[in-house]
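Hi,

Here is the structure I promised to pass on. Have a look at it first, and then read my notes underneath.

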Amino acid sequence: MIDLRSDTSTRPTVAMRQAMAEAEVGDDVYGEDPTVLRLQELAAKTVGKEAAIWVPTGTMGNLSAVLAHCYERGSEVIVGDQSHVYQYEAGGMSGLGGVAFNVVPTQRNGELALEDLMEAVRPDDQHCARTALICLENTHNRCGGTALSLEYMRKVKTFADAKGLPVHLDGARVFNAAVSLGVHVSAVTDLVTSVQFCLSKGLGAPAGSIVAGPKPIIDRVHRLRKMLGGGMRQVGVLAAPGLLALTEMSKRLEEDHRNAQHLAKGLASLPDVDIDLDLVHSNIVTFRLRHSSASAVYGLVKGLQGRNVLALPFRAGVRLVTHNDVSFKDCQVALDAIKDVLESMRDNTTYTNGSGTDETFAPTGYQ
Ligand SMILES: Cc1ncc(COP(=O)(O)O)c(C=O)c1O
């Protein structure tokens with residue numbers, strides 16, 4: 001199978017499996033796992049933050065970081081309506097932490113417009129919730145892997161600083177953002193107060209995320225991680241591949257981006273495909289079908305499955321994600337398969353009329 005649904009499908013490399021087998025471990029709840037300590041130190045240094053902590057998942061990382069900033073119940077976090085924290089993290093910040101979402105529209109490129117942020121910040125008034133945090137996402141999953149520019153992020157930082165607000169970055173794929181922008185990752189993370197990034201997506205580790213930021217925030221995240229049941233014991237077996245994710249795998253993301261460009265350009269040459277090449281910035285490629293009905297999208301995905309290619313129905317279209325387990329040749333095979341399946345579907349009236357019976361898209365694209 002050529003699995004293009006998500007970069008979460010990466011399997012640990014041979015070197016990672018070996019590092020897991022040989023990892024020096026201790027009880028991390030006692031702070032005695034040397035491999036975890038090494039990873040946390042390297043992670044903090046890499047993203048230019050005072051402290052960092054390993055957490056089992058990106059969702060727990062975002063949740064604990066947001067709760068660390070918004071410690072007063074009823075305070076608000078400003079989020080984009082297409083953000084992962086709002087769409088796909090089970091409402092945990094509000095459900096578990098009493099934090100209210102103040103939702104602003106996400107622009108097509110993943111930005112939150114400055115004027116919307118200005119309007120969203122509440123006045124210091126007894127009637128209003130206390131605005132406690134702005135949350136950005138880079139790269140932006142639901143916008144198709146777009147990288148927020150440094151210029152934009154700098155503007156948000158200037159605005160947030162003026163309002164005395166911290167900024168948390170859902171940087172699940174911030175290393176992809178850095179590659180796309182052609183900068184060291186710290187150039188991106190310097191512009192936010194705290195960041196969560198995933199070791200388990202394009203970086204290939206089997207599990208784990210990092211939250212990094214000022215020490216008082218990371219100390220709070222540490223307690224919240226325990227509260228959420230994320231204090232783990234000999235977790236060096238997962239930190240060991242995390243170290244390789246940071247030191248080795250971060251260097252090869254450029255290849256995934258090149259493969260994504262190849263896919264995107266190939267797709268753009270197909271008559272049935274509607275794709276905005278200007279929004280393909282990283283390892284995610286999203287497109288729609290011109291006769292866009294849910295049945296057409298599901299028909300394409302099913303047809304591809306029959307050709308051993310896995311794609312994800314995504315918003316009103318399809319998502320393909322490149323990663324370490326997908327080669328340039330695999331991308332070519334996938335493109336040929338897409339072309340063939342679309343051609344065979346063209347004879348089908350349900351497809352061309354856009355009148356499938358099931359016009360509802362399932363909520364996917366969360367990974
Ligand atoms: C942008 C973004 N943030 C956060 C997450 C959550 O990560 P995890 O699946 O490790 O909880 C994901 C992936 O699922 C994601 O794509």
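Below is what I found, starting with the ligand and moving on to the strands.

One thing to keep in mind throughout: this is a predicted model.

**Ligand site**

The ligand has 15 residues around it, and the ones that come nearest are Gly58, Thr59, Asp170, Arg173 and Lys201. Three of these have polar atoms worth pulling up on screen. Gly58 uses its backbone: an N or O atom there lies 2.8 Å from a ligand oxygen. Arg173 brings a polar side-chain atom to 3.0 Å from an oxygen atom of the ligand, and for Lys201 the distance from a polar side-chain atom to a ligand oxygen is also 3.0 Å. How much of the ligand does the protein bury? On its own the ligand exposes 380 Å², and 88% of that is buried by the protein.

As for the make-up of the shell, 7 of its residues are polar, 5 are charged and 3 are nonpolar. Helix α3, which covers residues 58–69, is the top contributor, giving 3 residues.

**Domain record**

UniProt, in an unreviewed entry, lists residues 3–287 as "domain: Aromatic amino acid beta-eliminating lyase/threonine aldolase". In the model, that stretch is 42% helix and 15% strand, with its end C-alpha atoms 17 Å apart.

**The seven-stranded sheet**

There is an open sheet of 7 strands with mixed pairing, and if you walk across it the order is β2-β8-β7-β6-β5-β3-β4. The edges are β2 (51–55) and β4 (100–104); each has a single partner strand, so one side of each has no neighbour in the sheet. From one strand to the next the twist averages 20°.

Inside that order, β6 (residues 167–170) and β7 (residues 194–198) run parallel and are joined by 3 bridges. To find the register, look for Leu169, which stands opposite Val195 in β7. Asp170, one of the residues nearest the ligand, falls at the end of the β6 range.

**Pairings around β10**

Strand β10 (residues 284–289) has an antiparallel pairing with β9 (residues 273–274), made by 2 bridges. Here Asp274 stands opposite Arg288 in β10. β10 also pairs with β13 (residues 317–321), again in the antiparallel sense, over 4 bridges. In that pair, Phe287 is the residue opposite Val318 in β13.

Shout if you'd like to go through any of this together.

Cheers

Notes: Residues numbered from 1 in each chain as written. Predicted model: local features only at pLDDT ≥ 70, side-chain atom pairs only at ≥ 80, totals over all residues. Heavy atoms only, no water. Near = heavy atom within 4 Å. Polar contact = N/O pair within 3.5 Å; in protein donor to acceptor, adjacent residues only side chain to side chain. Areas by Shrake-Rupley, 256 points an atom, 1.4 Å probe, with all protein chains shown as cover. Nonpolar A, V, L, I, M, F, W, Y, C, P; charged D, E, K, R; others polar. UniProt positions renumbered as here; feature names shortened; annotations may be inferred. Pairing = 2+ DSSP bridges. Axes fitted to C-alpha atoms, helices over the stretch in contact; angles between N-to-C directions.
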